[in-house]
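Ready for a short tour? Open the structure in your viewer, show the side chains as sticks, and follow along one selection at a time.

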Amino acid sequence: LALAMEKIGEKQEASRCVKRAVELDSQDPEALFHLARFIASEGDLVRARELLTKALQMKPKPELREQMRTRLENLVTSAQTQKNHPGGKPRRQPPW
């Protein structure tokens with residue numbers, strides 16, 4: 001449901017659905033992955049990185065694992081860039 005809501009532009013509703021999915025099953029790596037995406041888009045790169053790291057430790061399906069690794073690398077790079085340029089403008093888009 002969350003992905004469908006996101007696709008039609010209902011990002012707040014999609015975020016709410018993903019958060020609810022994680023509340024119902026905090027051990028679902030796919031739900032954590034999508035929650036990390038939404039949290040990153042809200043600007044909390046540290047929390048998004050924590051969620052992706054946790055999701056990767058749960059041994060997700062191989063295709064999802066690769067997406068997680070790529071996005072985690074992008075978050076790390078983005079966080080380092082922000083650290084090196086503290087006066088820069090905050091990102092509006094997720095770093096992926």
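Select Arg16 and Glu13, keeping in mind that this is a predicted model. Arg16 and Glu13 sit 3 residues apart in helix 2 (residues 11-24), so about one helical turn separates them. Now look at their side chains: Arg16 and Glu13 form a salt bridge, with the closest N and O atoms 2.4 Å apart. Are these two residues buried, exposed or partly exposed? Arg16 has 48% relative accessibility, so Arg16 counts as partly exposed. Glu13 is also partly exposed, because its relative accessibility is 27%.

Next, move along the chain to helix 4 (residues 45-57) and select Arg47 and Glu50, which lie 3 residues apart, about one turn of the helix. Here Glu50 forms a salt bridge with Arg47, and their closest N and O atoms are 3.4 Å apart. Try colouring by accessibility: Glu50, at 43%, counts as partly exposed, and Arg47, at 36%, is partly exposed too.

For the last stop, select Glu66 and Arg69 in helix 5 (residues 62-84). What do their side chains form? They meet in a salt bridge, at 3.2 Å from N to O. Glu66 and Arg69 are 3 residues apart, about one turn of the helix. Glu66 has 44% relative accessibility and counts as partly exposed; Arg69, at 40%, is partly exposed as well.

Want to keep exploring? A search of the whole structure finds 5 salt bridges, among them the ones between Arg16 and Glu13, Glu50 and Arg47, and Glu66 and Arg69.

Note on methods
Residues numbered from 1 in each chain as written. Predicted model: local features only at pLDDT ≥ 70, side-chain atom pairs only at ≥ 80, totals over all residues. Heavy atoms only, no water. Salt bridge = Lys/Arg side-chain N within 4 Å of Asp/Glu carboxyl O. Helix = DSSP H or I, 4+ residues; strand = E, 2+ residues; numbered from the N terminus. Buried < 20%, exposed > 50% of the residue type's maximum accessible area, 1.4 Å probe, protein only.
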